[in-house]
Amino acid sequence: MRIGFVGLGIMGKPMAKNLLKAGYELVVFDVVEAPLKEVVAAGAKAATSPSDVASQCEIIITMLPNSPHVKTAVLGKNGVIEGVKAGSIVVDMSSIAPLASREIAAELATKGVEMLDAPVSGGEPKAVEGTLAIMVGGKQEVFDKVKDILLKMGASAVLCGDIGAGNVTKLANQIIVALNIAAMSEALVLATKAGVDPEKVFDAIKGGLAGSTVLNAKAPMVLQGNYKPGFRIELHIKDLQNALDTAHEISAPIPLTSQVMEIMQAMKVDGKQTEDHGGLIQFYEKLAGVKVRKGGAQ
Ligand code: NAD
């Protein structure tokens, strides 16, 4: 079966490579040439536009930054909708606003094309391993048709509800991750300023109730002052904006999310928006006048 893949960035590139490894024929496109060449070297066929991808495939996966990018690539000039055949399935794995997923799906439906929103969690390491957590919105029968393909990129794929439900679930995920990073930052800065080695704090608490996947992934990076993305602060700002917009539309106040959003905005003002979201600890380090490093304060 031929699968189309549009968007070969930090996440899309390793996900596409895992589909190639699983034996699928792949037709790929990105507006940037370097990742396109790399995936073609791994065995994919290059297309000249999302429309060109769609005309050659029955299943088209998109992995793009945010709602406007997905709208452009799917509904815009030379977009998927111009080349797609009735009966095809579009699987958007980007993290975008749930409302945008519903709008794009409605447009595709006018061409007889089904859509799933299927954002992921796990970051680049799990994209490389093929062990992402995939959260899906759409019809059960459409999900059943693509589940095996999703499980070549992820360790789990859960249908959470109708179209948009995947991205609602992703917003919930991103709230939990953002608040965990802020909590870790506050805690490790406090411990460091109090004269306790933050590495010992991490080792002592990681197996207890405060332990988390976020702590295990981010604390080792923070202790080395390594903020190479991973997941860029600017993408997390995008997710929290989508969470706040969605929350306000349905009158579900999320006060802690808005506080972490302001911290991320301050990071952006500091020119750190392209660093990993674990770099948020630098906001707290500045407030307390201390750097969190292996061995104690610096
Ligand atoms: P990225 O910026 O590295 O990659 C996006 C890719 O899309 C780029 O290669 C870009 O050139 C391409 N692109 C943009 N517009 C395009 C268009 N119109 N047509 C074709 N290609 C286009 O971003 P990423 O980190 O790979 O993230 C992709 C999505 O996955 C985002 O929604 C992000 O929030 C989500 N996500 C990222 C991570 C992570 O750790 N990086 C984890 C989970 C989810």
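Which residues does valine 177 touch, not counting residues up to four places away in sequence? In this predicted model, valine 177 touches Val214, His236 and His277. Valine 177 is found in helix α9. With a relative accessible area of 14%, valine 177 is buried, because the cut-off for a buried residue is under 20% relative accessible area. Glutamine 259 lies 82 residues from valine 177 along the chain, and the C-alpha atoms of the two are separated by 14 Å.

One of the residues that valine 177 touches, Val214, leads on to helix α11. This helix covers residues 213-223, and Val214 is buried in it together with Leu215, Lys218, Ala219, Met221, Val222 and Leu223. The buried residues of α11 pack against three helices, α9 (165-193), α10 (198-205) and α14 (281-288), and against the strand β10 (292-293). After α11 comes glycine 225, which has a positive phi, near 65°.

The wider layout of the chain comes next. The protein chain is divided into domain 1, residues 2-162, and domain 2, residues 168-297. Between the C-alpha centres of domain 1 and domain 2 the distance is 29 Å. Across the boundary, 15 residues of domain 1 are in contact with 14 residues of domain 2.

The ligand also involves both domains: the shell around the ligand draws at least three residues from domain 1 and at least three from domain 2. There are 26 residues around the ligand, and those that come nearest are Ile10, Met11, Asp30, Pro65 and Lys238. By residue type, the shell divides into 14 nonpolar, seven polar and five charged residues.

Several polar backbone atoms face oxygen atoms of the ligand. For proline 65, a backbone N or O atom lies 2.8 Å from a ligand oxygen. A polar backbone atom of isoleucine 10 is 2.9 Å from an oxygen atom of the ligand, and for serine 95 the corresponding distance is 3.0 Å. On its own the ligand has 840 Å² of accessible area, and the protein covers 90% of this. Helices α4 (67-75), α7 (123-129) and α12 (233-249) are the elements that give two or more residues to the shell.

Lysine 238, one of the residues that come nearest to the ligand, is found in helix α12. Is lysine 238 buried or exposed? Its relative accessible area is 10%, so lysine 238 is buried. Leaving aside neighbours within four places in sequence, lysine 238 is in contact with Pro65, Asn66 and Ser95. Two of these residues have already appeared at the ligand: proline 65 and serine 95. The side chain of lysine 238 also makes a polar contact of 2.9 Å with the side chain of aspartate 239.

Glutamate 234 is also placed in helix α12. Here the relative accessible area is 32%, so glutamate 234 is partly exposed. Apart from neighbours within four places in sequence, glutamate 234 is in contact with Gln273 and Thr274. Glutamine 265 is 31 residues from glutamate 234 in sequence, and their C-alpha atoms are 8.9 Å apart in space.

Two further residues remain to be described, and both are buried. Serine 101 has its place in helix α6, residues 98-109. Serine 101 counts as buried because its relative accessible area is 0%. Once neighbours within four places in sequence are left aside, the contacts of serine 101 are Ile96, Met115, Asp117, Ile163, Gly164 and Asn167.

Glycine 83 belongs to helix α5, which runs over residues 80-83. Its relative accessibility is 16%, so glycine 83 counts as buried. Valine 53 is 30 residues from glycine 83 in sequence, while the C-alpha to C-alpha distance is 7.6 Å. Setting aside neighbours within four places in sequence, glycine 83 is in contact with Ser51, Ala54 and Ser55.

How values were computed:
Residues numbered from 1 in each chain as written. Predicted model: local features only at pLDDT ≥ 70, side-chain atom pairs only at ≥ 80, totals over all residues. Heavy atoms only, no water. Near = heavy atom within 4 Å. Polar contact = N/O pair within 3.5 Å; in protein donor to acceptor, adjacent residues only side chain to side chain. Areas by Shrake-Rupley, 256 points an atom, 1.4 Å probe, with all protein chains shown as cover. Helix = DSSP H or I, 4+ residues; strand = E, 2+ residues; numbered from the N terminus. Nonpolar A, V, L, I, M, F, W, Y, C, P; charged D, E, K, R; others polar. Domains from an automatic or database assignment. Buried < 20%, exposed > 50% of the residue type's maximum accessible area, 1.4 Å probe, protein only. Contact = heavy atoms within 4.5 Å.
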